Amino acid sequence: MTFARYPDQWTKLREDRSLIPDAVEELLRFESPNQYNVRYSMRDVELHGVTIPAGKPVFLLLGSANRDPAAFEDADVFDIERDRSGPQSLAFGLGIHSCLGAALARMESALALGHLLEFMPEFEVDFDNCQRVSMQNVAGYDSVPVRVRARLQ
Ligand code: HEM
């Protein structure tokens with residue numbers, strides 16, 4: 001879906017597959033599959049002049065943090081060649097309970113992108129007939145109809 005909205009990025013990726021790992025990172029940042037987590041504060045924490053008291057549920061909007069203009073330049077732009085030397089995305093959480101499957105998820109995503117580049121080098125998404133997953137915190141799709149316009153020989 002994202003590459004269909006940003007076809008120039010798909011072309012870039014098709015022309016240089018060494019960008020696949022960066023594309024995976026940018027997808028994780030730009031369309032964070034896990035949009036939020038809920039955690040409890042262990043102690044009083046002051047952020048931006050507001051105190052979150054100890055023992056309170058905190059709604060952590062990872063998807064929003066990953067579009068934070070204070071952390072990412074042109075945060076709302078999908079750019080697979082983005083400079084990654086600054087803040088990292090929070091798509092897999094942070095700290096000792098960050099995602100245990102992150103390495104596997106990254107590998108699967110990179111393999112999937114490689115196969116999609118082969119299978120549908122040029123494609124159109126039928127946006128009107130896509131179906132989202134019905135999960136609370138997951139931004140994703142159950143069904144994405146695609147018309148393949150060209151295949152590599
Ligand atoms: C793109 C795919 C995935 C995303 C975006 C994702 C994201 C996350 C996030 C945000 C957390 C919470 C981290 C935190 O509390 O700081 C988490 C936890 C976790 N994830 Fe994933 N995940 C993905 C795939 C996977 C896969 C493939 C596995 C297993 C094979 C997995 C296993 C886990 C486990 C076990 C935890 C709990 C870790 C803990 O509480 O110590 N995840 N994941």
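How do the residues of the lining of the second largest pocket divide into nonpolar, polar and charged? In this predicted model, the lining comprises 21 nonpolar, four polar and three charged residues. The second largest pocket has a volume of about 860 Å³ and is lined by 28 residues, of which Met1, Thr2, Leu27, Glu31 and Tyr141 lie nearest its centre. At least two lining residues are supplied by each of α1 (2-5), α3 (20-30), α5 (102-119) and β5 (122-125), and the largest share, five residues, comes from α5.

The largest pocket, with a volume of about 1,100 Å³, is likewise lined by 28 residues, and those nearest its centre are Arg39, Val58, Leu60, Leu62 and Leu94. Its lining divides into 18 nonpolar, eight polar and two charged residues. Elements that each supply at least two residues of this lining are the strands β1 (37-40), β2 (45-47), β3 (50-52) and β4 (57-60), together with the helix α4 (62-65).

The protein chain as a whole contains five helices and eight strands, which from the N terminus on follow the order α-α-α-β-β-β-β-α-α-β-β-β-β. Along its principal axes, the C-alpha trace spans about 60 × 35 × 25 Å. Of the 153 residues in the chain, 26% are buried. When contacts between residues at least 6 apart in sequence are considered, 62% of them join residues at least 24 apart.

The largest nonpolar core holds 20 residues, and the members that touch the most other members are Phe3, Trp10, Leu13, Ile80 and Leu113. Two or more residues of this core come from each of α2 (7-15), α3, α5 and β5, with α3 giving the most, at five residues. For one of these core members, Ile80, the contacts beyond four places in sequence include the core members Phe3 and Leu13, and the remaining partners are Gln9, Lys12, Leu19, Asp22, Ala23 and Glu26.

With regard to the metal site, the iron atom of the ligand has Cys99 as its only protein donor, through the SG atom at a distance of 2.2 Å. Cys99 is placed in the loop between α4 and α5. The two helices flanking this loop also appear in the pocket linings described above, where α4 supplies at least two residues to the largest pocket and α5 gives five residues to the second largest pocket.

Note on methods. Residues are numbered from 1 along each chain as its sequence is written. This is a predicted model: local features need pLDDT of at least 70, side-chain atom pairs count only at pLDDT 80 or more; totals for chains, interfaces and linings use all residues. Side-chain values use heavy atoms; hydrogens and water are left out. On a 1 Å grid over the protein atoms alone, a cavity is a set of points where a 1.4 Å probe fits but cannot get out, and a pocket is an open set with protein on both sides within 12 Å along at least five of seven lines; lining residues have an atom within 4 Å of a point. Grid points are joined across faces, edges and corners, and a volume is the space filled by probe spheres set on the points. Helices (H or I, at least four residues) and strands (E, at least two) are DSSP runs, numbered from the N terminus. Ala, Val, Leu, Ile, Met, Phe, Trp, Tyr, Cys and Pro count as nonpolar, Asp, Glu, Lys and Arg as charged, and the others, Gly among them, as polar. A nonpolar core is a set of buried Ala, Val, Leu, Ile, Met, Phe, Trp, Tyr and Cys residues joined through side-chain atoms within 4.5 Å. Buried means under 20% relative accessible area, exposed over 50%, partly exposed in between (1.4 Å probe, protein chains only). Contact means heavy atoms within 4.5 Å. Donors are N, O and S atoms within 2.8 Å of the metal (3.2 Å for Na, K and Ca); water is not among the atoms, so sites may look incomplete.
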